[in-house]
Amino acid sequence: MPEYQNHEPGTFCYAELATTDPAVAGEFYMTLFGWNRNDQDLGEFGVYTQFDKDGKVVAAQFKLPDEQTARQVPPNWGQYVSVDDVDGAAARAGELGGQTVMGPMEVFDYGRMVVLADPAGAVFCLWQPKANIGAECKDDPGSMCWNELLTSDPDQAAAFYGGLFGWRAEAMNMGDLGDYTTFHTGGGRPAAGMMPIQPEMGPVPPHWLVYFAVADCAATRDKAAGLGARILVPPTEIPGMGIFSVLQDPVGAVFGIYQSLG
């Protein structure tokens, strides 16, 4: 299992579910991925849940605040990028055309965070770790393995994230799937991916999509459907790379699953 004691700045380090029904959502993901849960009562902030698999933290969950529900914010998977300086990165995002949605703020002794939106409106978070680094494993079945931006303006997004994180964009022709961009911080594993929103997707706003690794995409799709999930994209093969599917959990949050063929 790929384990982490820290995350390189400019890479995704955490996935956090904001949901209107933590009981239903928690049971769904625990059954689907074999997660365990650790609930923490944070008083006025409510119950915060960390999910773990084989003793390693893989994701988290909290109840969507009433004020966000009133503004019709849907259940969603928030995704965090690790940075050395949240305040400096938030200021730089503003200079590049982004907006601050919430923060920056301290999260007890765990770290410092901010919620941002890129120039097209896709929301993402930054995390400056202290006691909590975020996910303690990635890429193993049941853990976060990929983060993908769907956007209406890929060129603008490449400039924004390149300026913010130093990401280098590399475009690939995926045949029938069209062009796909990977973002790189240097050597090794790409930091994230990006694709343009296609007309057949309908009125989908720009957003970041989180993927969790699975051993068998089709079997996990079937299991998720049996648990009440909606299948948005059926298992689709990326030749020579893997098989992915996009699902919507029973409460409404959208996420992806990915089976590596490597």
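These legends go with close-up views of a predicted model.

**View 1. Helix α1, from end to end.** Here we look at α1, which runs over residues 22–33. With 12 residues at 1.5 Å a residue, the helix should span 16 Å, and its end C-alpha atoms do sit 16 Å apart, so expectation and model agree. Just past α1 comes glycine 34, with a positive phi of about 75°.

**View 2. The buried residues of α1.** Ala25, Gly26, Phe28, Tyr29, Leu32 and Phe33 are the ones to pick out in this helix: they are buried. Their arc around the axis is only 160°, which means that they lie on the same side of α1.

**View 3. A salt-bridge network around Arg112.** Four side chains are worth finding here: Asp87, Glu106, Arg112 and Lys130, which are linked in a network of salt bridges. Within this group, arginine 112 pairs with glutamate 106, and their closest N and O atoms are 3.1 Å apart. How exposed or buried are the two partners? Arginine 112 has a relative accessible area of 18%, so it falls under the 20% cut-off and counts as buried. Glutamate 106, at 40% relative accessibility, is partly exposed.

**View 4. A salt bridge between two loops.** Zoom in on aspartate 139 and arginine 189, whose side chains meet in a salt bridge at 2.8 Å, N to O. Aspartate 139 belongs to the loop between β8 (123–129) and β9 (144–151), while arginine 189 belongs to the loop between β11 (179–184) and β12 (192–196), so the pair ties together parts 50 residues apart in sequence. Both ends of this bridge are partly exposed: aspartate 139 has a relative accessible area of 31%, and arginine 189 comes in at 35%.

**View 5. A salt bridge between Arg221 and Asp222.** In this last view, arginine 221 forms a salt bridge with aspartate 222, with 2.5 Å between the closest N and O atoms. Arginine 221 has a relative accessibility of 21%, so with the buried cut-off at under 20% it is classed as partly exposed. Aspartate 222 is partly exposed too, with a relative accessible area of 46%. To put these close-ups in context, a search of the whole structure turns up eight salt bridges, including the arginine 221 to aspartate 222 pair shown here.

Terms used:
Residues are numbered from 1 along each chain as its sequence is written. This is a predicted model: local features need pLDDT of at least 70, side-chain atom pairs count only at pLDDT 80 or more; totals for chains, interfaces and linings use all residues. Side-chain values use heavy atoms; hydrogens and water are left out. Helices (H or I, at least four residues) and strands (E, at least two) are DSSP runs, numbered from the N terminus. The expected span of a helix is 1.5 Å times one less than its number of residues. Buried means under 20% relative accessible area, exposed over 50%, partly exposed in between (1.4 Å probe, protein chains only). The arc is that of the directions from the helix axis to the C-beta atoms.
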